Amino acid sequence: MIPSVTKAFPEDGPDKVFAGFLQNGEFKLQQCGDCQKHIFYPRIICPHCGSQQLRWVTPSGQGVVYSTSIPRGMAEGDYNIALIDLEEGPRMLSRVVGVSPEMVTIGMQVSAFISEIDQVKVVLFKPTTPKSEASL
Amino acid sequence: MSPSRSGLRGSVAVVGVGLTAFGDLPGRSARENLAEAAFLALADAGIDKCEVDGLFTSNFPDTFPCLHVAEYLGINPCVMDDSNIGGSVYVSQLQHAAAAIQTGLCNVALIAMGSNTRSKLKQTGVMDAPREHFKYSDEYKPKAPMNAYALATARHMHEFGTTRHHLAEVAVAARKWAQLNPRAMRRTPLSIEDVLQSKMVCDPLSALDCCLVADAGAAVVLVSSERAKNLRQKPVYLLGVGVAMTHAGIAQMPDLTTTAAAQASKIAYEMAGVKPKDVDVVEVYDAFTINTILFLEDLGFCKKGEGGDFVSNGNIAPGGSLPVNTNGGGLSCVHPGMYGLMLIAESVEQLRGSTGDRQVKNAQIALCNGNGGHLSSEVTAIFGTEDTL
């Protein structure tokens, strides 16, 4: 028998749930209960193994810059656009802020935080402060 | 090779090619440009439009391109395909058309496109672009579409030491070919220094690393190889075609230095029974200079990471060891937003031996690779003359 869609999947899809977390200042990833892989962007089915057993987890917020670029001539001036490899595995597009865009380099350690671009809540990244420096 | 794939080899041929003028066609609609190219392709083939029973087209702005085009041309096709996987789509339509002709679903396939994106941009300030949004990326305002290519460029530079000088070699080679093509939009001399000094549009890509924006129409006509022998033009046979994709948005591309062209070309080479060393002329979708480097690697013309050195010292320019983008490419000849059909047209014209000053001597096998989206879909087609069957 084909399982009932309404029972198999939650009424609020993961896009809406993720947006709710962001509104509350939380950055969450999904993790597959079957293959254990982490997933971003949010989905209703695991793109790795096809499972629907996905749960929300709190990532470490740590990542590494996989690639970086600077769009020029944009209305708000120059900014960074980067791809970030999260510690948990998924890659996401974001901006690294807090340093000039030219200073963002591939391999740089970065930390996630929640901010806004044009009144839209987003996950941004800033260079990770070394522990010794942070404790000063 | 699977028998079902190998059966397509040489089963259909391109028997007509039509191209409008390229560049500024300010008094023309996109559909008018398509119709002119379709008319020219059918005239070239010596086939009446009423015989077209397979219609293949695509564009960014329309939702129902086949219906509009069929209505406009006054044809009544029983096979229609206006799918969209980006600018590579017309190359993928070779696969669909070949399968449809071979199985008897249609007899005469017309693949056609038309664009007035340059004039529209000048007149309205808006450029034709795909309609959909990339959720979880667009919020950050990447500069579409070049941002995805800029990210791939930065990663290729990081992993393999590729430089802006290497990228400039690609732009200069394209310009040298364009100087041999009367139809090309950009034919003034271009130096490596010019490219290096051009203003950055999305680091590490500069304005001269980016393609043109052009008004243009293009069309090709395909029939069975049997029928092709009795038509007025020298048939150019489809030997192999492969389609592959890795992602939609750039954040989901598994490895920014290896495109789906590696997969697509494997299928096409196997179907065609040829290897990279057998290819006489190569046409790749050079929307940005990094594309040519990535694709030459993924298509097997050099090793991964060695594309920068491979394109250096004029190696892909006229007189080099491998003729690449002999029309001048999207960088210097024409780029109507979705460029794939121009790759097919140039491949066919090279194998007909009809390209004048830029003709590759004794060209028997041509390979083209279409790219779509943000390095998302890749489609490789391999063509041959009658001697290669």
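So, strand β5 of chain A, residues 81-86: in this predicted model that strand is mostly covered, with 5 of its 6 residues buried. What does β5(A) pair with? On one hand there's β4(A), antiparallel, over 6 bridges. If you want a spot to click on, take V64(A), which stands opposite D85(A) in β5(A). Then there's strand β6 of chain A, residues 91-94, which also pairs with β5(A) in the antiparallel sense, over 4 bridges. There the bridge partner of I84(A) is M92(A).

β5(A) and β6(A) make a hairpin, with 4 residues between them. Have a look at G89(A) in that turn: its phi is positive, about 125°.

Okay, back to β4(A), because this strand takes us over to the other chain. β4(A) covers residues 62-71, and it pairs with β5 of chain B, antiparallel, over 2 bridges. One pair to pull up is I70(A), whose bridge partner in β5(B) is D203(B). Careful with the labels here, since there's a β5 in chain A, residues 81-86, and a β5 in chain B, residues 200-203.

How many residues of each chain are in contact across that interface? It's 21 from chain B and 21 from chain A. On the chain B side, the elements supplying at least two residues each are α6, residues 146-160, and β5, residues 200-203. α6(B) gives the most, with 6 residues. And if you sort that side of chain B by class, you get 12 nonpolar, 3 polar and 6 charged residues.

Now, domains in chain A. The assignment gives domain 1 as 10-58 and domain 2 as 60-128. Their centres, taken over C-alpha atoms, are 21 Å apart. As for contacts, 9 residues of domain 1 touch 10 residues of domain 2. Which elements give two or more residues to the domain 1 side? Those are α2, residues 14-23, and β2 of chain A. The residues on that side split into 5 nonpolar, 3 polar and 1 charged.

β2(A) turns up again in a sheet. It's an open sheet of 3 strands, in the order β2-β1-β3 of chain A, with antiparallel pairing. β2, at 38-39, and β3, at 54-57, stand at the edges with a single partner strand each, so one side of each has no neighbour in the sheet. As a reminder, strands of a sheet pair through backbone hydrogen bonds. Between β1(A), residues 29-32, and β3(A) there are 4 bridges, antiparallel, and L29(A) stands opposite V57(A) there.

Last topic, the nonpolar core. In general, nonpolar side chains in soluble globular proteins tend to be buried together. The largest core here has 165 residues, and those with the most contacts inside it are L110(B), V220(B), V221(B), L222(B), I344(B) and A381(B). Which helix gives the most to this core? That would be α7 of chain B, residues 164-178, with 9 residues. Chain A is in there too: domain 1 and domain 2 of chain A both give residues to the core, so it lies between them.

To get a feel for one of those residues, centre your view on L110(B). Leaving aside neighbours within four places in sequence, L110(B) is in contact with A38(B), V52(B), G54(B), L55(B), F56(B), A219(B) and V221(B). V221(B), you'll recall, is also among the residues with the most contacts inside the core.

Notes:
Residues numbered from 1 in each chain as written. Chains lettered and ligands numbered in written order. Predicted model: local features only at pLDDT ≥ 70, side-chain atom pairs only at ≥ 80, totals over all residues. Pairing = 2+ DSSP bridges. Core = buried A, V, L, I, M, F, W, Y, C linked by C-beta atoms within 7 Å. Buried ≥ 20, exposed ≤ 12 C-beta atoms within 10 Å, placed from the backbone. Domains from an automatic or database assignment. Contact = placed C-beta atoms within 7 Å. Nonpolar A, V, L, I, M, F, W, Y, C, P; charged D, E, K, R; others polar.
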